[in-house]
Amino acid sequence: MTAGEPARWTRGGERVLATTRVLELRSVHFSNPATGAARDYVVAHAPDWVNVLALTPDGRLVLVRQFRFGANDFSLEIPGGVIEAGEAPLAAGLRELSEETGYGGGAARVIGSVRPNPAIMDNHCHFVLVDGAVPTAPMKWDHDEEIEVSTAPVAEVLGWARSGRITHSLTVAALMLLEGVGRI
(Lines give C-alpha, C1' and ligand atoms only; values in the text may rest on other atoms or scores of the structure.)
Protein backbone atom coordinates (compact mmCIF):
# COMPACT_ATOMS: atom_id res chain seq x y z
CA MET A 1 0.00 0.00 0.00
CA THR A 2 1.41 3.37 -0.98
CA ALA A 3 0.28 6.68 0.42
CA GLY A 4 1.29 8.73 -2.61
CA GLU A 5 3.68 11.60 -2.84
CA PRO A 6 4.10 13.71 0.31
CA ALA A 7 3.33 17.43 0.18
CA ARG A 8 6.08 20.04 0.14
CA TRP A 9 5.63 22.09 3.28
CA THR A 10 5.68 25.88 2.97
CA ARG A 11 8.46 27.65 4.85
CA GLY A 12 7.33 30.71 6.76
CA GLY A 13 8.91 33.07 9.21
CA GLU A 14 11.90 32.23 11.34
CA ARG A 15 13.76 33.52 14.34
CA VAL A 16 17.19 32.85 15.75
CA LEU A 17 17.19 30.88 19.00
CA ALA A 18 20.94 30.71 19.58
CA THR A 19 24.15 31.53 17.76
CA THR A 20 27.41 29.68 18.32
CA ARG A 21 30.82 29.59 16.67
CA VAL A 22 29.85 26.60 14.51
CA LEU A 23 26.10 26.90 13.93
CA GLU A 24 22.94 28.88 14.47
CA LEU A 25 19.73 27.36 15.84
CA ARG A 26 16.61 28.76 14.23
CA SER A 27 12.92 28.27 14.92
CA VAL A 28 11.28 28.03 11.48
CA HIS A 29 7.54 27.95 10.86
CA PHE A 30 6.35 25.35 8.34
CA SER A 31 2.83 24.58 7.14
CA ASN A 32 1.48 21.69 5.10
CA PRO A 33 -0.76 23.03 2.31
CA ALA A 34 -2.51 19.67 1.89
CA THR A 35 -3.43 19.02 5.53
CA GLY A 36 -3.28 22.48 7.09
CA ALA A 37 -0.86 21.23 9.76
CA ALA A 38 1.52 23.95 10.92
CA ARG A 39 4.15 24.36 13.58
CA ASP A 40 7.61 25.65 14.34
CA TYR A 41 10.62 23.35 13.82
CA VAL A 42 14.17 23.78 15.04
CA VAL A 43 16.67 23.96 12.18
CA ALA A 44 20.43 23.99 12.71
CA HIS A 45 21.90 26.40 10.17
CA ALA A 46 25.56 25.64 9.52
CA PRO A 47 28.05 26.41 6.80
CA ASP A 48 28.86 23.63 4.36
CA TRP A 49 31.62 21.20 5.29
CA VAL A 50 34.27 19.33 3.36
CA ASN A 51 35.87 15.94 4.01
CA VAL A 52 38.95 14.70 2.18
CA LEU A 53 39.84 11.24 0.92
CA ALA A 54 43.59 11.70 0.46
CA LEU A 55 45.35 8.74 -1.16
CA THR A 56 49.13 8.45 -0.98
CA PRO A 57 51.10 7.28 -4.05
CA ASP A 58 51.26 3.77 -2.53
CA GLY A 59 47.45 3.60 -2.12
CA ARG A 60 47.10 4.42 1.57
CA LEU A 61 44.38 6.67 2.96
CA VAL A 62 45.34 9.61 5.18
CA LEU A 63 43.43 9.46 8.49
CA VAL A 64 43.10 11.68 11.51
CA ARG A 65 42.27 10.68 15.07
CA GLN A 66 41.09 13.38 17.42
CA PHE A 67 38.94 14.02 20.46
CA ARG A 68 35.34 14.89 19.53
CA PHE A 69 33.36 16.88 22.09
CA GLY A 70 29.90 15.68 21.03
CA ALA A 71 30.85 12.02 21.46
CA ASN A 72 33.15 12.75 24.42
CA ASP A 73 35.55 10.30 22.84
CA PHE A 74 38.21 9.89 20.18
CA SER A 75 37.19 9.48 16.54
CA LEU A 76 39.11 7.97 13.64
CA GLU A 77 38.10 9.74 10.44
CA ILE A 78 39.27 11.47 7.30
CA PRO A 79 40.44 15.11 7.44
CA GLY A 80 37.86 17.83 6.98
CA GLY A 81 36.26 20.96 8.27
CA VAL A 82 34.17 24.04 7.59
CA ILE A 83 34.13 25.66 4.18
CA GLU A 84 34.84 29.36 4.66
CA ALA A 85 32.47 31.98 3.18
CA GLY A 86 33.14 32.32 -0.55
CA GLU A 87 35.48 29.31 -0.63
CA ALA A 88 34.94 26.51 -3.15
CA PRO A 89 34.69 22.94 -1.78
CA LEU A 90 37.81 21.83 -3.66
CA ALA A 91 39.91 24.70 -2.28
CA ALA A 92 38.53 24.11 1.22
CA GLY A 93 39.37 20.43 1.01
CA LEU A 94 42.96 21.09 0.02
CA ARG A 95 43.28 23.73 2.75
CA GLU A 96 41.85 21.45 5.45
CA LEU A 97 44.04 18.53 4.32
CA SER A 98 47.16 20.68 4.60
CA GLU A 99 46.18 22.31 7.90
CA GLU A 100 45.20 19.08 9.67
CA THR A 101 47.76 16.65 8.24
CA GLY A 102 50.50 18.52 6.39
CA TYR A 103 49.63 16.55 3.25
CA GLY A 104 49.04 18.07 -0.17
CA GLY A 105 49.87 17.65 -3.82
CA GLY A 106 48.35 15.38 -6.38
CA ALA A 107 45.25 15.63 -8.53
CA ALA A 108 42.08 16.61 -6.68
CA ARG A 109 38.38 16.57 -7.49
CA VAL A 110 35.00 16.69 -5.77
CA ILE A 111 33.39 13.23 -5.92
CA GLY A 112 30.08 13.94 -4.22
CA SER A 113 28.03 15.69 -1.58
CA VAL A 114 25.58 14.63 1.12
CA ARG A 115 23.29 16.35 3.61
CA PRO A 116 24.68 15.44 7.08
CA ASN A 117 21.23 15.32 8.74
CA PRO A 118 18.42 16.83 6.64
CA ALA A 119 15.89 16.31 9.42
CA ILE A 120 17.41 19.15 11.43
CA MET A 121 20.31 20.65 9.43
CA ASP A 122 20.39 22.76 6.27
CA ASN A 123 23.99 22.26 5.11
CA HIS A 124 25.94 19.94 2.82
CA CYS A 125 29.17 18.00 3.23
CA HIS A 126 31.28 17.80 0.07
CA PHE A 127 33.84 15.05 -0.49
CA VAL A 128 37.17 15.73 -2.17
CA LEU A 129 39.39 12.96 -3.53
CA VAL A 130 43.11 13.74 -3.65
CA ASP A 131 45.33 11.28 -5.53
CA GLY A 132 49.08 11.23 -4.85
CA ALA A 133 48.96 13.05 -1.51
CA VAL A 134 52.36 13.49 0.17
CA PRO A 135 53.60 15.47 3.17
CA THR A 136 54.22 19.01 1.89
CA ALA A 137 53.94 21.48 4.78
CA PRO A 138 53.82 21.77 8.54
CA MET A 139 50.40 21.26 10.13
CA LYS A 140 48.45 24.37 11.20
CA TRP A 141 45.91 23.23 13.77
CA ASP A 142 43.19 25.40 15.25
CA HIS A 143 43.70 26.33 18.92
CA ASP A 144 41.43 23.48 20.07
CA GLU A 145 42.80 20.77 17.76
CA GLU A 146 45.23 17.97 18.60
CA ILE A 147 45.39 15.48 15.77
CA GLU A 148 47.12 12.15 15.34
CA VAL A 149 47.81 11.60 11.63
CA SER A 150 48.22 8.13 10.15
CA THR A 151 47.78 6.23 6.91
CA ALA A 152 46.32 2.79 6.24
CA PRO A 153 45.47 0.69 3.19
CA VAL A 154 42.08 1.69 1.79
CA ALA A 155 40.67 -1.85 2.02
CA GLU A 156 41.63 -1.99 5.68
CA VAL A 157 39.93 1.35 6.40
CA LEU A 158 36.78 0.11 4.68
CA GLY A 159 36.90 -2.97 6.93
CA TRP A 160 37.18 -0.72 9.97
CA ALA A 161 34.04 1.13 8.86
CA ARG A 162 32.17 -2.14 8.38
CA SER A 163 33.27 -3.47 11.77
CA GLY A 164 32.35 -0.33 13.71
CA ARG A 165 35.87 0.85 14.47
CA ILE A 166 35.13 3.93 12.34
CA THR A 167 31.82 5.44 13.46
CA HIS A 168 31.97 8.94 11.96
CA SER A 169 29.02 8.84 9.55
CA LEU A 170 30.54 11.28 7.07
CA THR A 171 33.70 9.19 6.83
CA VAL A 172 31.56 6.11 6.18
CA ALA A 173 29.64 8.02 3.47
CA ALA A 174 32.92 9.17 1.91
CA LEU A 175 34.20 5.58 1.80
CA MET A 176 31.02 4.54 -0.01
CA LEU A 177 31.60 7.24 -2.61
CA LEU A 178 35.24 6.20 -2.92
CA GLU A 179 34.08 2.65 -3.54
CA GLY A 180 31.72 4.00 -6.20
CA VAL A 181 34.55 5.62 -8.14
CA GLY A 182 36.41 2.30 -8.12
CA ARG A 183 39.12 3.21 -5.65
CA ILE A 184 38.48 0.42 -3.14
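User: Which residues line the second largest pocket?

Analyst: In this predicted model, the lining consists of Trp9, Arg11, Phe30, Tyr41, Val42, Val43, Arg115, Pro118, Ala119, Ile120, Met121 and Asp122. Strand β3 (residues 38-45) supplies the largest share, three residues, and the pocket has a volume of about 280 Å³.

User: How do you know how many residues of that lining are nonpolar, polar or charged?

Analyst: Arg and Asp count as charged, and the lining includes Arg11, Arg115 and Asp122. Trp, Phe, Tyr, Val, Pro, Ala, Ile and Met count as nonpolar. The result is nine nonpolar, no polar and three charged residues.

User: What makes up the lining of the largest pocket, by class?

Analyst: The lining divides into 13 nonpolar, eight polar and 12 charged residues. Among the 33 lining residues, Val22, Arg68, Glu77, Gly81 and Val82 lie nearest the centre. Of these, Gly81 is polar because Gly is placed in that class. Helix α1 gives the most, four residues. The volume is about 1200 Å³.

User: Why are α2 and α3 called oblique?

Analyst: Helix α2 (residues 154-163) and helix α3 (residues 169-180) pack at about 135 degrees. Roughly perpendicular ends at 115 and roughly antiparallel needs over 145. The angle fits neither class, and the helices are therefore oblique. Their axes are 10 Å apart, and the crossing is left-handed.

User: What makes the contact between these two helices?

Analyst: Val154, Val157, Leu158, Ala161 and Arg162 in α2 meet Val172, Leu175, Leu178 and Glu179 in α3. By class, this gives seven nonpolar, no polar and two charged residues. Arg and Glu are classed as charged, so the two are Arg162 and Glu179.

Technical notes:
Residues are numbered from 1 along each chain as its sequence is written. This is a predicted model: local features need pLDDT of at least 70, side-chain atom pairs count only at pLDDT 80 or more; totals for chains, interfaces and linings use all residues. Side-chain values use heavy atoms; hydrogens and water are left out. Axes are lines fitted to C-alpha atoms, for helices over the stretch in contact, and angles run from 0 to 180 degrees between N-to-C directions. Angles under 35 degrees count as roughly parallel, over 145 as roughly antiparallel, 65 to 115 as roughly perpendicular and the rest as oblique. A crossing is left-handed if the near helix is turned anticlockwise from the far one by less than a right angle, and right-handed if clockwise. Contact means heavy atoms within 4.5 Å. On a 1 Å grid over the protein atoms alone, a cavity is a set of points where a 1.4 Å probe fits but cannot get out, and a pocket is an open set with protein on both sides within 12 Å along at least five of seven lines; lining residues have an atom within 4 Å of a point. Grid points are joined across faces, edges and corners, and a volume is the space filled by probe spheres set on the points.
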